[in-house]
Amino acid sequence: MMRSVLLFGFLASCGPLNQGSPPKAIAGQVFSQIRGEAPAEQPLITEELAQADEFLFVTIRLLGAVIPMSPAAQTGDVQTWIAPTGATVALENEILVATRGLGFDVSGIDPIGTRAAIVAGGGSSSRTHGFLTPTDQIDTLRMDCTVTQVGSEDVDMPRGTVSLTKFEEECSGPRLIFQNEYWTDDDGDIVRSLQMLSPELGFLLLERA
C-alpha cells in the first residue's frame, strides 16, 4: 500500500487546489503533496559529521528539507534531538512522540504497542496524536493500527547502503488515516523510519547516522 494520510474534511477546503478540478483529481493532488513522494536528496556528510558519534537526519518530505540533529537529552526511553535552529524531535524507542519548531508540529503522540509489535515481527497497536489548534487547544485523535513485516531490502543510508528489515504500520481512525514505515538493522534497532508528522506537513523521514 502506498503511503497516505487523510484528514477528513481537508478536501473541502477552498483555494486554487480544488478550483475547476474533479474530485479524483483533487484527491490525487492532495495525496501527492501530503505524501511528499518526490525523493529528497541524501544529506551531505561533512567531515565533521562523519566523525560524530551519532546524528539524526530529519527530512520533511513535503518540503525536501533535510535537517541534521544531534542528541540533546535523554529521559527514560525518550531521546530528544535538536537542530542548530533549535527545532527538536522527541523519539521513544525511535518512535516519534513530539516535535517543536518544525512549523505544523505534533504536541504529543502516544504510540501504544508499536515497538512491541515490531519486535514481535508484526501485530496490533494503537496511538493518539495531539495537535495544537489555532485557539491553543489540543485536538486529540485516536487510531487503531496494524504492524506488518514486509521483508528485507537494501536501503541507501547517509553512511552507505545497508540491508534492513522493513515494517509497515497502517493506522486508521474516524478522522485520520495514514501509514508509517520502519526499517530495523540486524540488532532489531530502528535506524530509519517514515512517520506522520501532521496533515499539513505530511511525513518525516528519520535516519540515524
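## A salt-bridge tour

Glu207 is buried, at a relative accessible area of 1%. Select Glu207 to begin, and keep in mind that this model is predicted.

Next, add Arg192 to your selection: its side chain and that of Glu207 meet in a salt bridge, with N to O at 3.2 Å. Arg192 sits in strand β12 (residues 190-198) and Glu207 in strand β13, so this pair ties together parts 15 residues apart in sequence. Arg192 is buried too, with a relative accessible area of 14%, which is under the 20% cut-off.

Now jump over to Arg127 and Glu169. These two form a salt bridge, and their closest N and O atoms are 3.1 Å apart. Color strand β8 (residues 122-132) to find Arg127 and strand β10 (residues 160-172) to find Glu169; the pair links distant parts of the chain, 42 residues apart. Are they buried or exposed? Arg127 counts as buried at 2% relative accessibility, and Glu169 counts as buried at 0%.

For the next stop, pick Glu54 and Arg208. Their side chains meet in a salt bridge, 2.6 Å from N to O. Glu54 is in the loop between α2 (47-51) and β2 (56-60), while Arg208 belongs to strand β13 (residues 202-208), so the contact ties together parts 154 residues apart in sequence. Here the side chains are partly exposed: Glu54 has 30% relative accessibility, and Arg208 has a relative accessible area of 22%.

Leave those two selected and add Glu94. Glu54, Glu94 and Arg208 are linked in a network of salt bridges.

Want to keep exploring? The count for this model comes to eight salt bridges, among them the Arg127 and Glu169 pair.

Note on methods: Residues are numbered from 1 along each chain as its sequence is written. This is a predicted model: local features need pLDDT of at least 70, side-chain atom pairs count only at pLDDT 80 or more; totals for chains, interfaces and linings use all residues. Side-chain values use heavy atoms; hydrogens and water are left out. A salt bridge is a side-chain nitrogen of Lys or Arg within 4 Å of a carboxyl oxygen of Asp or Glu. Helices (H or I, at least four residues) and strands (E, at least two) are DSSP runs, numbered from the N terminus. Buried means under 20% relative accessible area, exposed over 50%, partly exposed in between (1.4 Å probe, protein chains only).
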